[in-house]
2 protein chains.
Amino acid sequence: MTIAKHAEAPGAVTGPSQGGDLPRPSPLSPRAAQIVAAARELLEEEGPGALTMRALAERIGIRAPSLYKHFADKAAVEAALIEQGLAEVGTVLYAALDAPEPVVSVLEAYRRAALAAPNMYRLTTSGPLPRHRLAAGLEEWAGTPFFLAAGDPHLAQALWSFAHGMVILELDGRYPEGSDLGRTWSEGARAFTARKAH
Amino acid sequence: MTIAKHAEAPGAVTGPSQGGDLPRPSPLSPRAAQIVAAARELLEEEGPGALTMRALAERIGIRAPSLYKHFADKAAVEAALIEQGLAEVGTVLYAALDAPEPVVSVLEAYRRAALAAPNMYRLTTSGPLPRHRLAAGLEEWAGTPFFLAAGDPHLAQALWSFAHGMVILELDGRYPEGSDLGRTWSEGARAFTARKAH
DNA sequence: CGTCATGGCTAACTATGTTAGCCCCTGGGG
DNA sequence: CCCCAGGGGCTAACATAGTTAGCCATGACG
């Protein structure tokens, strides 16, 4: 996910529009798709540490080396998962744009999506991105809703950073026990909506 | 780092004060301290992947198994690094409080500290924290400046989330090439300072 | 009917964290 | 003076990771 550097008209919906034009993720053979599906189950159900080539192979009833007939290496499997993650979060965010308060709505949708699939979220958004392995335009497409909601590229990046910070710190258990994160989210949302109105 | 749930008076400096009272990090024998120092060099100079027990041992002229005479496991060495990281970032943040615009100043200090030692930053702030291995109070102490700058616990958490999101996304190269992150930072800073003034 | 790509397999290599068990040295008590 | 306890090294070895090499069955197709 990335927010375009759009120097163009701030409010107007310029290039990437409603969300219909999802850049096609890299095509996968049926077998490869099955592997990715299994990888996702493994990741979500048992955490990142459980996503090993041997465990993945076992889940679909083959041996680890056979996986390499379908993917160059483990990172390639992860890249396919990242594409899924970007596509899904993007879809959710575009849908959230159609609301009276898009900034608030996008933030809520972002949090909901992340908490619904925490390990996918972490994989998708943490660490350096293997961009060369991802479908061109996908990353930017997924981030564009922030721009569409904020109306300004810098505010959009700030908004995205806030959202990501909130989510990842929550997932990592970094907030103190009894924190009322709902209030923290709305505090941030208010700060950014106010700022949006110049 | 964590921001206390202070239900008390928002503006007043209540519990943790100026920054003089850094909770003492866990004491280390001289040899252990040397190991941690070497680990830090390894981490900063060659990245997280280079921080292996064998490489660490070699750097101080011993064999890997001997490290276990000083630390229970690799995570214990990392915990010691995390303590260093928290202590250092906290120190910097407390120092930044003494400025006309503490919110802006704390944000700037945070970014500067993170970029100066990116791998330390990542280790310190990413993934679940091994809290039982850390000196009690250290994490909260390091986060308190955000509270002191923001004056309100929820705004403080929002501010911290924004700062962390900005930093980690920058370190991970998630922003598009030509992004003017300076402007994004000040956009966020403005949003939060405005919000601070109710 | 051969042949060749597809997609399995076993065996094995390397790197990593970690454990078991040995040994040397040094310093304090009997 | 000896002894012996423990701190702090060492080698050997194990389990688990990703990954490679090389072999073999199967099925589509000229």
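## What packs over helix H1 of chain B

In this predicted model, the buried residues of H1(B) are covered by a set of elements that includes helix H2 (53-59), helix H3 (64-67), helix H4 (74-96) and helix H6 (118-125) of chain B. The residues being covered are Ala32(B), Ile35(B), Val36(B), Ala38(B), Ala39(B), Leu42(B) and Leu43(B). Look down the axis of H1(B) and these buried residues sit within an arc of 165°, so they line one face of the helix. That fits the usual geometry: an α-helix has 3.6 residues a turn, so positions three or four places apart point the same way.

On the face of H1(B) turned away from the buried side, you'll find the exposed residues Pro30(B) and Glu45(B).

## Its span and its end

H1(B) runs over residues 30-46, which makes 17 residues. From first C-alpha to last it reaches 24 Å, close to the 24 Å expected at 1.5 Å a residue. Right after the helix comes Gly47(B), with a positive phi near 90°.

## Where the two chains meet

Chain A and chain B put 42 residues each into their contact. Together they bury about 3,400 Å², with 57% of that on carbon and sulfur atoms. On the chain A side, His154(A), Arg174(A) and Arg195(A) lose the most area to chain B, together 21% of what that side buries.

As for polar links, there are 18 residue pairs in polar contact across the interface, and 2 salt bridges. Glu187(B) and Arg195(A) join their side chains in a salt bridge at 2.6 Å, N to O. Helices H5 (118-125), H7 (153-171) and H8 (181-196) of chain A each give two or more residues to the side touching chain B, and H7(A) gives the most, with 12 residues.

How values were computed: Residues numbered from 1 in each chain as written. Chains lettered and ligands numbered in written order. Predicted model: local features only at pLDDT ≥ 70, side-chain atom pairs only at ≥ 80, totals over all residues. Heavy atoms only, no water. Helix = DSSP H or I, 4+ residues; strand = E, 2+ residues; numbered from the N terminus. Expected span 1.5 Å × (residues − 1). Buried < 20%, exposed > 50% of the residue type's maximum accessible area, 1.4 Å probe, protein only. Arc of directions from axis to C-beta. Contact = heavy atoms within 4.5 Å. Buried area = accessible area lost by both parts, 1.4 Å probe. Salt bridge = Lys/Arg side-chain N within 4 Å of Asp/Glu carboxyl O. Polar contact = N/O pair within 3.5 Å; in protein donor to acceptor, adjacent residues only side chain to side chain.
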